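Thanks, everyone; I would like to walk you through one corner of a model this morning, helix by helix. Please have the sequence and the structure open as I talk.

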Amino acid sequence: VLPLLVSLMAMRLWSDDGVAERTECDLVVPVPERVFAQGRFAAAYLAVLGAVALSLIVPLFILPDSSQALASQLKVVRFIPAFAAIAFLAMPLTAVSSMCGSFFRNAVPAAVASLALTYVVPFAVYRAALAWSPAVRARFAESPVVAQIADAADGFLSLGFVVVVVAFTVFALFAASK
């Protein structure tokens, strides 16, 4: 759901400016393009984090009120590692969505390209790797993204994953500013 959420949030942010022709007016102000792209990324990223945080209302506040057995188990502290992993994984997805939003004039092709780059391409690469070597399934769960979130929630976050996420985010923001 995260790639779809990120694509829709970034599409909404970029489509408002594209329709109202405010992007050109914003670029007339003496602000470097990289700062403009970073600001758009930050706005979309905060919107995604807000949407993910809103999804925690049901398990943290509504479910404990309806069941006393769940009241002792559902605490904010238990959701922090998974929320941090999702927030960390949302960084490159938001950067790619911001990059696609800056490349396309219309919001719909930007959202389709964003979904293709953040969901379809990784899934296709995973399926191709699975077809090439069935031993890949023993290492990953349904998909590598699900495995990374589960591992991060358990406290296992590899340095390679962190480096790839940061590098991919920086590359996408660099491409968005050009």
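**A bent helix and its two neighbours**

Let me begin with helix α6, which bends by about 30° at Met-91, with a proline, Pro-92, following within four residues; the bend at a residue is the angle between axes fitted to the seven residues ending there and the seven starting there. Before going on, I should say that this is a predicted model, in which local features need pLDDT of at least 70 and side-chain atom pairs count only at pLDDT 80 or more, while totals for chains, interfaces and linings use all residues. Residues are numbered from 1 along each chain as its sequence is written, and side-chain values use heavy atoms, with hydrogens and water left out.

Helices here are DSSP runs of H or I, at least four residues, numbered from the N terminus. α6 has 28 residues and reaches 39 Å from its first C-alpha to its last, close to the 40 Å expected at 1.5 Å a residue, where the expected span is 1.5 Å times one less than the number of residues.

How do α6 and α10 lie against each other? Their axes come within 8 Å and cross at roughly 20°, the axes being lines fitted to C-alpha atoms over the stretch in contact, with angles from 0 to 180 degrees between N-to-C directions. That makes α6 roughly parallel to α10, since angles under 35 degrees count as roughly parallel, over 145 as roughly antiparallel, 65 to 115 as roughly perpendicular and the rest as oblique. The contact, meaning heavy atoms within 4.5 Å, includes Phe-88, Met-91 and Pro-92 of α6 and Phe-161, Val-162 and Val-165 of α10. By class, this contact has 17 nonpolar, three polar and no charged residues, with Ala, Val, Leu, Ile, Met, Phe, Trp, Tyr, Cys and Pro counted as nonpolar, Asp, Glu, Lys and Arg as charged, and the others, Gly among them, as polar.

The second neighbour is α3, which packs with α6 at an angle of about 140°, the axes being 9 Å apart, and that makes α3 oblique to α6. Among the residues that meet are Tyr-45 and Leu-49 in α3 and Phe-88 and Met-91 in α6, and the contact divides into 14 nonpolar, two polar and one charged.

α3, residues 33–54, also comes within 8 Å of α10, axis to axis, crossing at roughly 125°, which makes α3 oblique to α10. Glu-33, Arg-34, Ala-37 and Phe-41 of α3 make that contact with Thr-169, Leu-173, Ala-176 and Ser-177 of α10.

Finally, which residues does Phe-88 touch, not counting residues up to four places away in sequence? They are Tyr-45, Phe-161, Val-162, Val-165 and Val-166.

Key:
Helices (H or I, at least four residues) and strands (E, at least two) are DSSP runs, numbered from the N terminus.
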